[in-house]
Amino acid sequence: MQKTVVSTQNAPKAVGAYSQGICVSAGRFWYFSGQIAIDPATGSMVEGDAAAQCAVIVKNIAALLADQGLTANNVVKTTVFITDINEFKAVNQVYAGFFSEALPARSCVAVSALPMGAKVEIEVIAAE
């Protein structure tokens, strides 16, 4: 997969841990369902603030990617759902630490509630 960051001075700069866009020359795509902070060993929601839940979520996403022979570097688009937009900065710090190369395109949406009382949910699209 070849992943190129799309960046132009003619549109607003990214204001967080994301790129304006990503251009992918790829053979296959993976669309992963949204992940909440569930401990895979117990099936229970992990307690803690939004940042603590985000840490569990990115670990679970890493496991999904690894099972398919992928890494965070294959992620081209994410959608982050958060129940308290005031927690965005803390979530963003954890989220940004998950990616080491070109940041994927991202949307972040404040929602009134998530399954199982989750504070954060993240879905990803990856490409090969």
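**An internal cavity and the nonpolar core**

The largest cavity is lined by Val58, Ile61, Thr78, Tyr95, Phe98, Phe99, Ile122 and Val124, and the elements that contribute two or more residues to this lining are helix 1, helix 2 and strand 6. By class, seven of the lining residues are nonpolar and one is polar, while none is charged. The volume of this largest cavity is about 30 Å³, and the count of cavities of 30 Å³ or more comes to one. In general, empty space left between atoms is revealed by rolling a probe the size of a water molecule over them.

These results come from a predicted model, in which the protein chain has an average pLDDT of 92 and 99% of the residues score at least 70. Confidence is highest in strand 4, with a mean of 97, and lowest in strand 2 (residues 21-25), where the mean is 82.

The largest nonpolar core consists of 28 residues, among which Ile61, Leu65, Tyr95, Phe98, Val120 and Ile122 touch the most other members. Two or more residues are given to this core by each of strand 3 (29-35), helix 1 (50-67), strand 4 (75-82), helix 2 (88-98) and strand 6 (120-127), with helix 1 giving the most, namely seven residues.

Phe98 belongs both to the lining of the largest cavity and to the core residues that touch the most other members. When its neighbours within four places in sequence are left aside, Phe98 is in contact with Val58, Ile61, Ala62, Leu65 and Ala72; of these partners, Val58 and Ile61 also line the largest cavity.

Key
Residues are numbered from 1 along each chain as its sequence is written. This is a predicted model: local features need pLDDT of at least 70, side-chain atom pairs count only at pLDDT 80 or more; totals for chains, interfaces and linings use all residues. Side-chain values use heavy atoms; hydrogens and water are left out. A nonpolar core is a set of buried Ala, Val, Leu, Ile, Met, Phe, Trp, Tyr and Cys residues joined through side-chain atoms within 4.5 Å. Buried means under 20% relative accessible area, exposed over 50%, partly exposed in between (1.4 Å probe, protein chains only). Helices (H or I, at least four residues) and strands (E, at least two) are DSSP runs, numbered from the N terminus. Contact means heavy atoms within 4.5 Å. pLDDT is the predictor's confidence in each residue, from 0 to 100. On a 1 Å grid over the protein atoms alone, a cavity is a set of points where a 1.4 Å probe fits but cannot get out, and a pocket is an open set with protein on both sides within 12 Å along at least five of seven lines; lining residues have an atom within 4 Å of a point. Grid points are joined across faces, edges and corners, and a volume is the space filled by probe spheres set on the points. Ala, Val, Leu, Ile, Met, Phe, Trp, Tyr, Cys and Pro count as nonpolar, Asp, Glu, Lys and Arg as charged, and the others, Gly among them, as polar.
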